[in-house]
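User: I have a chain with two ligands to go through. Can you walk me through the fold and the ligand shells?
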Amino acid sequence: MKFTMPSCGGCRTCELACSFHHTGEFMPAVSSLTIVEKTESPGYDVLLRETEEGKNLACNGCEGREVPLCVLYCRERDDLSQILQEFGAQTGRKEGAPASRKRGGMP
Ligand code: SF4
Ligand code: SF4
């Protein structure tokens, strides 16, 4: 499921964070979300996977974490959090708590 995120700067920290959430290692190739370049408008698209696709694992909403790890390390965390909430609403998947916590060490 693809979402447009005009504020995304394309740093791909979220991909690293997601892979760490799933595997304990930084392997963006397995991330549940992929940042997709676009040319027609500012920002990037965020591709979120509801099911496993090749090496890429399904998003489980970071269930059990107070804040989804991808959101925790995103500089535009409110916008990414909103996308995850929309994804959760469309898929019926539980989404992590709102992104209101300050940036901190890896939880
Ligand atoms: S961490 Fe945030 S700003 Fe960086 S690529 Fe991911 S969504 Fe975009
Ligand atoms: S909420 Fe989904 S995309 Fe974000 S880190 Fe967790 S599993 Fe990955």
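**Strands, helices and ligand shells**

Analyst: Strand S1 (residues 2-5) and strand S3 (residues 44-48) run antiparallel, joined by four bridges. Keep in mind that this is a predicted model.

User: Which residues in S3 sit across from Lys 2 and Phe 3?

Analyst: Leu 47 is the bridge partner of Lys 2. Phe 3 stands opposite Val 46.

User: Which way do the S1 side chains point?

Analyst: They alternate along S1. Phe 3 and Met 5 point to one face and are buried. Lys 2 and Thr 4 point to the other face and are not buried.

User: What is the strand order in the sheet?

Analyst: The order is S1-S3-S2, in an open sheet of three strands with antiparallel pairing. S1 and S2 stand at the edges with a single partner strand each, so one side of each has no neighbour in the sheet. On average, neighbouring strands are turned by 25° against each other, direction ignored.

User: Which helix packs on the sheet?

Analyst: H3 does, touching S1 and S3. The direction of H3 makes about 155° with that of S1.

User: Switching to H1. Which of its residues are buried?

Analyst: Cys 14, Glu 15, Ala 17, Cys 18, Ser 19 and His 21.

User: What do they pack against?

Analyst: Strand S2 (33-36), H2 and helix H3 (77-91).

User: What comes just after H1?

Analyst: Gly 24, which takes a positive phi of about 80°.

User: What about positive phi outside glycine? Start with Arg 12.

Analyst: Phi of Arg 12 is positive, about 65°, although Arg 12 is not a glycine. Arg 12 lies in the loop between S1 and H1.

User: Is Arg 12 buried or exposed, or in between?

Analyst: Arg 12 is partly exposed, because it has 15 other C-beta atoms within 10 Å. The buried class starts at 20.

User: And Cys 62, where does that lie?

Analyst: In the loop between S3 and H2. Cys 62 is not a glycine either, and its phi is positive, near 55°.

User: Why does Cys 62 count as buried?

Analyst: Because Cys 62 has 23 C-beta neighbours inside 10 Å.

User: Now the ligands. Which residues are closest to ligand 1?

Analyst: Cys 8, Cys 11, Thr 13, Cys 14 and Cys 74. In total, 15 residues surround ligand 1. The elements that give two or more residues to that shell are H1 and S3.

User: What is the make-up of that shell by class?

Analyst: Nine nonpolar, three polar and three charged residues surround ligand 1.

User: And which residues come nearest to ligand 2?

Analyst: Cys 18, Cys 59, Cys 62, Pro 68 and Cys 70, out of 14 residues around ligand 2. Helix H1 (13-23) and helix H2 (69-72) are the elements that give two or more residues to this shell.

User: Which element gives the most there?

Analyst: H1, with three residues.

User: How many charged residues are in the shell around ligand 2?

Analyst: None. The shell around ligand 2 has nine nonpolar and five polar residues.

User: So where do Cys 14 and Cys 18 fit in?

Analyst: Both are among the buried residues of H1. Cys 14 is one of the closest residues to ligand 1, and Cys 18 is one of the nearest to ligand 2.

Notes: Residues numbered from 1 in each chain as written. Chains lettered and ligands numbered in written order. Predicted model: local features only at pLDDT ≥ 70, side-chain atom pairs only at ≥ 80, totals over all residues. Near = placed C-beta within 6 Å. Nonpolar A, V, L, I, M, F, W, Y, C, P; charged D, E, K, R; others polar. Buried ≥ 20, exposed ≤ 12 C-beta atoms within 10 Å, placed from the backbone. Contact = placed C-beta atoms within 7 Å. Pairing = 2+ DSSP bridges. Axes fitted to C-alpha atoms, helices over the stretch in contact; angles between N-to-C directions.
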